[in-house]
Amino acid sequence: MKKLLLTLFLFGQVCLAQTSQIDSLKRALRKLDKQPDGYARDTLLYKTLRAVMNDFVDINLDSSVHYTNLMLRLCSRPQLQKELIYAYQFAGYLYQVKGDHYQSIQFHYKALLLAEKLNQYGRIAMSQGALAHAYTSLNDYPKAEKLCLAGLAILRQHPDPQIQLPILNSLGSVYREQGKLTDALRINQELYELAKTQHDQWFEAQGLHAVGWVYKAMGNLPDALVFYQKSLSLSRQVGSKDMEGAILLNISRLFIKQQKWQQALIYCQMARQTATRSNISSVAREAEELYYIIFKHTGQPAKALKAYENCVLLKDSLSKERNEQRIESLQAQYDNVQKENALQQKQVQLLAQQNQNQQLAQTRNGLFLGIAVILLIAGLLFWNNRRLQTKNQEINQQRILLQNAQKQLADVNKTLEIRVQERTAELVTANSELIRKNEEIKEALFKGQTIERKRVAIELHDNLSSLLSAVNMSIQYLNPQNLSESEQSVYQNVKSLIQNAYSEVRNISHNILPAELEKEGLDTTLTTLINKLNQNSPLQFLLTTTALTERLPLAIEFNVYSIVLELINNAIKHAQATLVDIRLTRAEFSIDLEVSDNGIGLSKSHGKRGVGLQNIQTRLESLGGAFDTLRPTEKGTRIHIKIPIETVQANRDLDNGSYTISL
C-alpha cells in the first residue's frame, strides 16, 4: 500500500534511511537556519527538508510529519508556490498512511487547487489520483471513480506514465469493489500493458495480480490461477515480499474454494514462511486464519485450535509493535543525547586548548584558575555521563517490564476481547451523539448570528431612523427667513446631512440582512440589489449568474452576499469607475465569483489590503476559500474568488474542523 501511494508522489519507493545520513541532514538544517534569508537559502532548505522527511517515512512517521510541517511553513512564501504543491501532497500521503483519511483529503484538495492555479498538470493528476485513493479507503466508490477518470483525462493531454500507473490501479480496484467486473478487467489489463511498456516490474506484477483477482470474482478459477502464478513469479523477481505474500494467500484461497486442501495447505505454508522471513504481520495473521479453515475441514482439530490461537496472538501484534517502536524511539533519543554530549566534549576540549594558549602569557594565578575550570568541566562531564548510564539502565528495565506486560496481555486477551467490543460499541454511540450535538451547536451559532443581524437592522431602522426623522421634523420649525445668509447656508447643509443620514441608515439596515435572502435565495437578492443601485447611482452594475437554479447552503449564500456588497462599496468609494461587472457561477465542486471594473486600478487606490478586503479574507477562511486580486493590462481591477462546496459539505459531516483550501 505504501509503495502504491509513494509512487503517486515520488515516482519510486522510498528507501530505508541510515541514521548517520539523517544526522548529517539535521546538521545541514541547523547550518542553513543560521544563514541570512534569500531565495538560494530557501531552495537549499527545501531540498534538505524534503530529504529528511523522506528518510523518516519508514523509520518514524511522527518525525516525518514534523519535518513536513516545517516545509509547509517554508513553502508558504510566494517564491516557493510550486514546492508548496509537493509539500501538500506529501502531507496528504503521510496522513493516508496513518489512516486519517479526512485529514489526507484536506491536504490533497489544497494541492489540487494550487496546482490548477499554477497549471501544473502532472500535479493536478497526482492530486486527483490521491483523492481517489482516499475516497476508496472510505468506500466512497462513485466519487473515487470520478476523480480517477478526471486524472486520466488530464494525462491524455499531458502524458506521464508514472502517474498513470497508480491511477489505473486505483480505478481497477474501484470497479472491482462496485461489481463492474468487465470494466475492472479492461482497466487492469491496460495497467499491465502500460507497466510492461515502461519496464516497471512492480506494477506489471500488480496488474497480473489484479487481473487474476477479477477472474476469481467472475468465477473463472482456472484463468485466475494462471494469472496468480505469473504475478507470483514476477513479484519474486522484483523482491516485493508483501505482494508475494498476498498472492500466495489468494492462491491458497482459490484452492480452498475448490476444496483442494493439500494444494491450499502448501501455498498457505509458503505465505507463512514469506511473512516470517520479512516480518509481515498482516500476511502471517491471514495465513493462520487459512490454516484454521484447512485443518478444520480436514479433520485436524488440534492443529486448527493451534492456528486459531496463533491468529488471536497475531491480532495483538500491533500493540506489541507500538511498544517496540517506543523502545526504539527512547533508544534513539538516548543515542542523540550521547552524540550531543560528545560534541559538547569536543567543544569543551577546544575551549580548554584556547584557554591554555591564552594562559601562556598570563601569570601563575591565571594558570591555576584555568586548571580549576578544566577540572570543574571534567567533573560536570563525568557527572553527566553517570546520569546517562543511569538513564540507560532505566530504559533496559522499562524494556523488561514491557516484555512481561506483553506476555500478560497475551494471556488475558480472550477475556478482554468481549469487553473491548462492548466498550467500542459504547464509544461509537457516544461519538455519534457528540457529532450530532456539535452540528446542533454550529446551526445554533449561525441562527444566533442571523437573529443578531436582524435585531441590529431593526434597531437601526426603528430607533435611529425615528430619531433622525424627529430631528428632521424639529428643524422644519425653524424659519430660514429669520436667519442670516451664513446661518441659512448652515441650515440647508444640516437639513441635507440629516436627509442623507436617514437614507444611509435605511440602506445599512436593509443590507445587513435582506429579508428576501432567506426567502428567495442569493440569485433573486443580488438581482434586486443591482436593480436598486442602477436606479440611484451614476455607476452602472452588470450581474451575470450561471447554474444557480438550486439553493446553496445558507452559510454560503449569506457570506457571498456580504462579500459582493463589500466589493460594491469598495468600487463606489475608491475605484472611480463607470462600470462594474459581477459574474457568479456554480461549478461542480465550487462557487466562482468574479468582480471587475474599469476604474483607476487597485495599485493606485490601495497600497495595502484595507479593512473591507480583510473582512472578505476572514469570511473566505471560514468557508475554506480564497481570492486573487488581478491587475489587467488595461485599466481597472479584477477580483476572482473561489469557494469549494465540497469543503462546506464536509464540515457538516466531520467533527475535526473545516478544510481550508488556499488558491
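Reader: Before any residue is discussed, which relative accessible areas separate buried, partly exposed and exposed?

Author: Buried means under 20% relative accessible area, exposed means over 50%, and partly exposed lies in between. In this predicted model, L367 has a relative accessibility of 38%, and it therefore counts as partly exposed.

Reader: Which helix holds L367?

Author: L367 belongs to helix α18, which covers residues 364-476.

Reader: Which residues form a nonpolar patch on the surface with L367?

Author: The patch joins L367 with F368, I371 and L375, and together they have about 390 Å² of accessible area. For the protein, the accessible surface comes to about 37,300 Å², and carbon and sulfur atoms hold 53% of it.

Reader: How should one read the span of a helix, taking α7 as the case?

Author: The expected span is 1.5 Å times one less than the number of residues. Helix α7 (residues 121-137) has 17 residues, and the distance from its first C-alpha to its last is 25 Å, close to the expected 24 Å.

Reader: Why is α7 described as largely enclosed by the rest of the structure?

Author: Of its 17 residues, 14 are buried, so α7 is largely enclosed by the rest of the structure. Just after α7, N139 adopts a positive phi of about 65°.

Reader: What describes the protein overall, in helices, strands and buried residues?

Author: The protein contains 25 helices and 5 strands. Among its 663 residues, 40% count as buried. Of the contacts with a separation of 6 or more, 63% are between residues 24 or more positions apart.

How values were computed: Residues are numbered from 1 along each chain as its sequence is written. This is a predicted model: local features need pLDDT of at least 70, side-chain atom pairs count only at pLDDT 80 or more; totals for chains, interfaces and linings use all residues. Side-chain values use heavy atoms; hydrogens and water are left out. Patches are made of residues with over 30% relative accessible area and no salt bridge: like charges are joined within 9 Å, nonpolar side chains (Val, Leu, Ile, Met, Phe, Trp, Tyr) within 5 Å. Accessible areas come from the Shrake-Rupley method with a 1.4 Å probe; for residues, only the protein chains shown count as cover. A salt bridge is a side-chain nitrogen of Lys or Arg within 4 Å of a carboxyl oxygen of Asp or Glu. Helices (H or I, at least four residues) and strands (E, at least two) are DSSP runs, numbered from the N terminus. Buried means under 20% relative accessible area, exposed over 50%, partly exposed in between (1.4 Å probe, protein chains only). Contact means heavy atoms within 4.5 Å.
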